[in-house]
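Got the viewer open? Let's take a short walk through this one, picking out a few spots as we go.

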Amino acid sequence: MIEIVRPGMQATIQDLGRWGFGHLGVPEAGAMDPWSLRLGNRLVGNAEGAAAIEFLLGGFAVRFRCQRAFAVTGAPLDLSLNGRPAECGQWQFAKPGDLLVAGHAAHGMRSYLAVAGGIDVAPVLGSRSTDSLSGLGPAALRPGDVVPMRPPERRAPAVDVVSSMVSKPPDQIAIGFRWGPRDDRFTCSAKQTLATATFAISHEVDRIAARLTGPELEFAITDDLPTEGLALGSIQVPPSGHPIIHLANHPPTGGYAVIGVVATHDVATLSQCRPGTRLRFRPLTRTRSASWSGRWDPARDDLA
């Protein structure tokens, strides 16, 4: 087991989410940055979808109650193990009683602690993820919580050190998206604005969605829409005209028009962007994207 000494601003257990239950009103949830979760699991010899601990902006500390390999990925931060410097993006080993302390993140938002074997809490609908919207899965972690771990798998890690952590973002990032399904409810001017103007992530951002500041998008049709399904990355526009991008814990349905849907890998990019980050939307017409994602991985360079 590991003991939560300090959870920081927010620490939750996450895997790759509970997919396939949208028709029952159940969101996917799962890691905000699934690429970093997969990387951490590869470093400690787990299956890529094993459960780990996601924590926000550092300020996190745990004590190991048994010996176990671990790795920290995602937003880079200062690590120490029993007061001695430790490294992000690297296979490491803790002994019973060892204290792992993570300082504040230099940039980015979310980091991941993966342990050999993975976190062992009861799955709900096939996932161990905490879902802050529906309340499914384990509660957010608190000081003194003791978290069980599964036995390590009998296989070597796929890699023992990586240099590809979340990098410092440029002054402005490009976000790829597909039009629809309700772009016909907006004026041509609104669509041109979305594809050319600069927006910024507001302070209204959490695991559910990110509200953007910037120019308003004008409606061509203002009639109410029936409630319909929402996909991960949906760019929903409420009556204010200011877009909202839905993230990992998004609701499964909504009644505002969706003008477009952000490419999945760029949703992960957004999860590591702090309030105030400026962004431009770029319509995707090909099967490849070159937007910044904190690090480039051709296996993830898709529009799924």
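Start by selecting the buried residues of helix 2, together with what they pack against: strand 12 (172-179), strand 13 (198-205), strand 19 (257-262) and strand 20 (278-283). Keep in mind that this is a predicted model.

Now zoom in on helix 2 itself, residues 188-196, where Ala190, Thr193 and Leu194 are buried. They sit on the same side of helix 2 because they cover an arc of only 95 degrees around the axis. Swing round to the face turned away from that buried side, and you'll find the exposed residues Cys188 and Gln192.

Next, select Phe199, Leu217, Ile245, Val262, Leu279 and Phe281: these have the most contacts inside the largest nonpolar core, which has 40 residues. Add helix 1 (residues 34-43) to your view, since it gives the most to this core, with 4 residues. Apart from this core lies another one, of 28 residues, and Ile4, Val62, Phe70 and Val115 are among them.

Go back to Ile245 and show its neighbours. Leaving aside residues up to four places away in sequence, Ile245 touches ten-odd spots you can click through, including Ile208, Leu212, Ile235, Val262, Leu270 and Phe281.Last stop: Asn82, in the loop between strand 6 (77-81) and strand 7 (84-86). Is Asn82 buried or exposed? At 35% relative accessibility, Asn82 counts as partly exposed. Again leaving aside residues up to four places away in sequence, Asn82 touches Gly97, Asp98 and Leu99. Show the side chains of Asn82 and Asp98 to see a polar contact of 2.6 Å joining them. Then pick Leu100: Asn82 and Leu100 are 18 residues apart in sequence, and 6.5 Å apart in space, C-alpha to C-alpha.

Methods: Residues numbered from 1 in each chain as written. Predicted model: local features only at pLDDT ≥ 70, side-chain atom pairs only at ≥ 80, totals over all residues. Heavy atoms only, no water. Buried < 20%, exposed > 50% of the residue type's maximum accessible area, 1.4 Å probe, protein only. Helix = DSSP H or I, 4+ residues; strand = E, 2+ residues; numbered from the N terminus. Arc of directions from axis to C-beta. Contact = heavy atoms within 4.5 Å. Polar contact = N/O pair within 3.5 Å; in protein donor to acceptor, adjacent residues only side chain to side chain. Core = buried A, V, L, I, M, F, W, Y, C linked by side-chain atoms within 4.5 Å.
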